[in-house]
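Open the model in your viewer and keep the sequence panel beside it. This tour tells you what to select next and what is there.

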Amino acid sequence: FFVGIVLIPVFMQFYVEVKRQSHNHRMKEKEQQSNSSSPLNNQTVPTAGYSIKAVVSMIFIIMCFSAYSDSSDVELLDADLHYGLIFFAGIALYLSVVAWIDCKKGIVVGKKLIIANLISSALFLLGSFGWLLRSNGL
């Protein structure tokens, strides 16, 4: 219940931001069409949408964070928890890298979210790997 109280405003903020960005892209596209004088420049170029991969990656990171924050000290010693965190943080890292490549190509927007996802998922991976190595005596 408490996680829902936190997540609902976050998702609402993402929704509002996506709508704002799509409106800004449409306005810029209209300006470019009205300013272009040659017939070759009148071709409509599809505008980049918000990266769905980055949003899904953020959902996986939020799941990892809730697993860390909702666990007691005894549960944090469980290796299965860290294997699960490595799995979901690995998926989040993979999706973030693919979204970063798409962002560099200009296919999608959301560079700040993608960077935040890359950093967060890397921290979760390093933290879980570090705990597993320390607990196994390596």
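The stops below run from the whole chain to single residues.

**Stop 1: the whole chain**

Keep in mind that this is a predicted model. Colour the protein chain by secondary structure. Five helices and two strands should appear. Now follow the chain along its sequence. The elements come in the pattern α-β-α-α-α-β-α. Next, colour by burial. Of the 138 residues in the protein chain, 25% are buried.

**Stop 2: helix H2**

Select residues 52–69, which form helix H2. Turn H2 so that it lies across the screen. H2 has 18 residues, and its end C-alpha atoms are 26 Å apart. That agrees with the span of 26 Å that 1.5 Å a residue should give.

Which residues of H2 are buried? Show Ala54, Ser57 and Met58, then add Phe60, Ile61 and Cys64. Look down the axis of H2 with these side chains on display. They cover an arc of only 160° around the axis, so they sit on the same side of H2.

**Stop 3: H2 against H4**

Add residues 79–105, which make up helix H4. Two packed helices are described by the angle between their axes and the distance between the axes. For H2 and H4 the angle is about 160° and the axes are 8 Å apart. The two helices are therefore roughly antiparallel to each other. Their crossing is left-handed.

**Stop 4: the salt bridge**

How many salt bridges does the structure hold? There is one. Select Lys53 and Asp102 to see this salt bridge. The closest N and O atoms of the pair are 2.7 Å apart. Lys53 lies in H2 and Asp102 in H4, so the pair ties together parts that are 49 residues apart in sequence.

Now check the surroundings of each partner. Is Asp102 buried or exposed? Asp102 has a relative accessibility of 13% and counts as buried. Lys53, in contrast, is partly exposed, with a relative accessible area of 32%.

**Stop 5: Ile91 on H4**

Stay on H4 and pick Ile91, which is found in this helix. Ile91 is partly exposed, at a relative accessible area of 26%. Draw a distance from Ile91 to Ile61. Their C-alpha atoms are separated by 9.4 Å, and the two residues are 30 residues apart along the chain. Ile61 is one of the buried residues of H2.

**Stop 6: helix H5**

Select residues 111–135 for helix H5. H5 has 25 residues. From its first C-alpha to its last, H5 reaches 36 Å, close to the 36 Å expected at 1.5 Å a residue.

Show the buried residues of H5 next. They include Leu113, Ile114, Asn117 and Ser121. Further along the helix come Phe124, Leu125, Ser128, Trp131 and Leu132. Then step just past the end of H5 to Gly137. Gly137 takes a positive phi of about 80° there.

**Stop 7: H5 against H4**

Bring H4 back beside H5. At what angle do the axes of H4 and H5 cross? They cross at roughly 150° and come within 8 Å. That makes H4 roughly antiparallel to H5. This crossing is left-handed.

Zoom in on Leu85, whose place is in helix H4. Leu85 is buried, with a relative accessible area of 3%. Measure from Leu85 to Ser128. The pair is 6.9 Å apart in space, C-alpha to C-alpha, yet 43 residues apart in sequence. Ser128 is among the buried residues of H5.

**Stop 8: from H5 across to H2**

Pick Ser120, which has its place in helix H5. Ser120 is partly exposed, with a relative accessible area of 24%. Its C-alpha is 8.9 Å from that of Met58, with 62 residues of sequence separation. Met58 is buried in H2.

**Stop 9: Gly110 in its loop**

Finish at Gly110, found in the loop between strand E2 (108–109) and H5. At 13% relative accessibility, Gly110 counts as buried. Which distance separates the C-alpha atoms of Gly110 and Ala54? They are separated by 7.7 Å, with the two residues 56 residues apart along the chain. Ala54 belongs to the buried set of H2.

Conventions. Residues are numbered from 1 along each chain as its sequence is written. This is a predicted model: local features need pLDDT of at least 70, side-chain atom pairs count only at pLDDT 80 or more; totals for chains, interfaces and linings use all residues. Side-chain values use heavy atoms; hydrogens and water are left out. A salt bridge is a side-chain nitrogen of Lys or Arg within 4 Å of a carboxyl oxygen of Asp or Glu. Helices (H or I, at least four residues) and strands (E, at least two) are DSSP runs, numbered from the N terminus. Buried means under 20% relative accessible area, exposed over 50%, partly exposed in between (1.4 Å probe, protein chains only). The expected span of a helix is 1.5 Å times one less than its number of residues. The arc is that of the directions from the helix axis to the C-beta atoms. Axes are lines fitted to C-alpha atoms, for helices over the stretch in contact, and angles run from 0 to 180 degrees between N-to-C directions. Angles under 35 degrees count as roughly parallel, over 145 as roughly antiparallel, 65 to 115 as roughly perpendicular and the rest as oblique. A crossing is left-handed if the near helix is turned anticlockwise from the far one by less than a right angle, and right-handed if clockwise.
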